[in-house]
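Please look over the structure below before reading the notes that follow, which are grouped by topic.

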Amino acid sequence: MRRCVSKVNFRMATLIGCQGCDMLVDLTAMPEGGRANCPRCGHFLARYRSDAVARALAYCISAAIALVIANCFAFLTMGAAGLQTTMTLPETAIMLYRYGMPDLAILVGGFILVLPALALTLIMAICVPLTLGYAAPWLVDSARVLYTLNEWSMVEVFLIGVIVSLVKLSQMAEVQLGYSFWAYVAFSVFFTLAVSTLDRFHCWQRIEAVQLS
Ligand SMILES: [Zn+2]
């Protein structure tokens with residue numbers, strides 16, 4: 001009886017609902033490196049790579065190292081009229097707080113540092129047990145929180161905002177980019193790769209397979 005229920009659940013896990021038009025699509029046999037789009041509206045559904053979890057873990061560790069470096073050095077130095085100011089990445093949020101914008105400081109600190117760091121921790125909490133084939137009790141909750149958080153991750157938006165601000169600032173003051181800026185660029189790239197490599201549909205399938213084994 002138990003075996004029968006497991007088979008039914010596994011069969012259900014091959015179906016994915018399109019977020020564009022709600023069509024249910026069966027992704028039972030996806031080839032290596034394959035990408036699935038909705039046959040009705042063309043919305044992206046999933047991509048499959050057998051080594052996706054190991055790749056996501058490698059990108060995640062690289063992103064974590066880059067994020068630590070980004071917090072240790074100067075982010076940028078501005079000079080105008082003989083005055084020079086050097087700012088680290090956490091100071092961007094602290095300065096907003098000091099200038100009387102605590103709500104904006106919390107949002108900036110949350111979106112550029114806290115949420116990405118939490119997302120990296122969750123990716124590691126998912127990828128390490130999946131790589132070892134161990135059904136960790138936190139897998140389902142971690143995946144649920146991770147895929148909710150991803151919709152609020154604004155790493156790329158922050159970076160584009162910084163670049164636009166730098167172009168504007170360079171017309172008024174002398175701006176020098178620090179090691180931290182380039183480390184944050186590297187972090188953004190690795191973070192985006194980690195998140196996009198850990199395909200939502202196949203991540204849930206791997207979690208289910210580990211729990212059923
Ligand atoms: Zn669709």
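Which residue takes a positive phi of about 70° just after H4? In this predicted model, that residue is Gly-133, which follows directly on the end of H4. The points below begin with this helix and then turn to the packing, the surface and the charged pairs.

**Helix H4 and backbone angles**
- H4 is made up of 31 residues and spans 43 Å between its first and last C-alpha, which is close to the 45 Å expected at 1.5 Å a residue.
- Within H4 there is a kink of about 50°, and its centre is Gly-110.
- A positive phi is also found at Asp-22, a residue other than glycine, where the value is near 70°; Asp-22 sits in the loop that joins strand S1 (15–17) to strand S2 (24–26).
- Most residues other than glycine have a negative phi.
- The side chain of Asp-22 belongs to a residue that is exposed, because its relative accessible area of 66% is over the 50% cut-off.

**Nonpolar cores**
- The largest nonpolar core holds 39 residues, and the members that touch the most others are Leu-146, Tyr-184, Phe-187 and Leu-198.
- Two or more residues of this core come from each of H2, strand S5 (74–80), helix H4 (102–132), helix H5 (139–149), helix H6 (155–169), helix H7 (179–197) and helix H8 (200–212), with H4 giving the most, at 9 residues.
- Another core lies apart from it and has 10 residues, including Ile-16, Val-25, Met-30 and Ala-36.

**Nonpolar surface patch**
- Ile-61, Ile-65, Ile-69, Phe-73 and Tyr-179 make a nonpolar patch on the surface, and together they have about 510 Å² of accessible area.
- Helix H2 (residues 52–72) supplies the largest share of this patch, namely 3 residues.
- Ile-61, which lies in helix H2, counts as partly exposed because its relative accessibility is 41%, between the 20% and 50% cut-offs.

**Salt bridges**
- The model contains 3 salt bridges, and a network of such bridges links Arg-49, Asp-51 and Arg-55.
- In that network, Asp-51 meets Arg-49 at 3.4 Å, N to O, and meets Arg-55 at 3.1 Å, N to O.
- Arg-49, Asp-51 and Arg-55 are each partly exposed, with relative accessibilities of 38%, 31% and 30%, respectively.
- Arg-144 and Asp-141 also form a salt bridge, at 3.5 Å, N to O; being 3 residues apart in helix H5, they are separated by about one helical turn.
- Both partners are partly exposed, Arg-144 at 48% and Asp-141 at 47%.

Technical notes:
Residues are numbered from 1 along each chain as its sequence is written. This is a predicted model: local features need pLDDT of at least 70, side-chain atom pairs count only at pLDDT 80 or more; totals for chains, interfaces and linings use all residues. Side-chain values use heavy atoms; hydrogens and water are left out. Patches are made of residues with over 30% relative accessible area and no salt bridge: like charges are joined within 9 Å, nonpolar side chains (Val, Leu, Ile, Met, Phe, Trp, Tyr) within 5 Å. Accessible areas come from the Shrake-Rupley method with a 1.4 Å probe; for residues, only the protein chains shown count as cover. A salt bridge is a side-chain nitrogen of Lys or Arg within 4 Å of a carboxyl oxygen of Asp or Glu. Helices (H or I, at least four residues) and strands (E, at least two) are DSSP runs, numbered from the N terminus. Buried means under 20% relative accessible area, exposed over 50%, partly exposed in between (1.4 Å probe, protein chains only). A nonpolar core is a set of buried Ala, Val, Leu, Ile, Met, Phe, Trp, Tyr and Cys residues joined through side-chain atoms within 4.5 Å. The expected span of a helix is 1.5 Å times one less than its number of residues. The bend at a residue is the angle between axes fitted to the seven residues ending there and the seven starting there.
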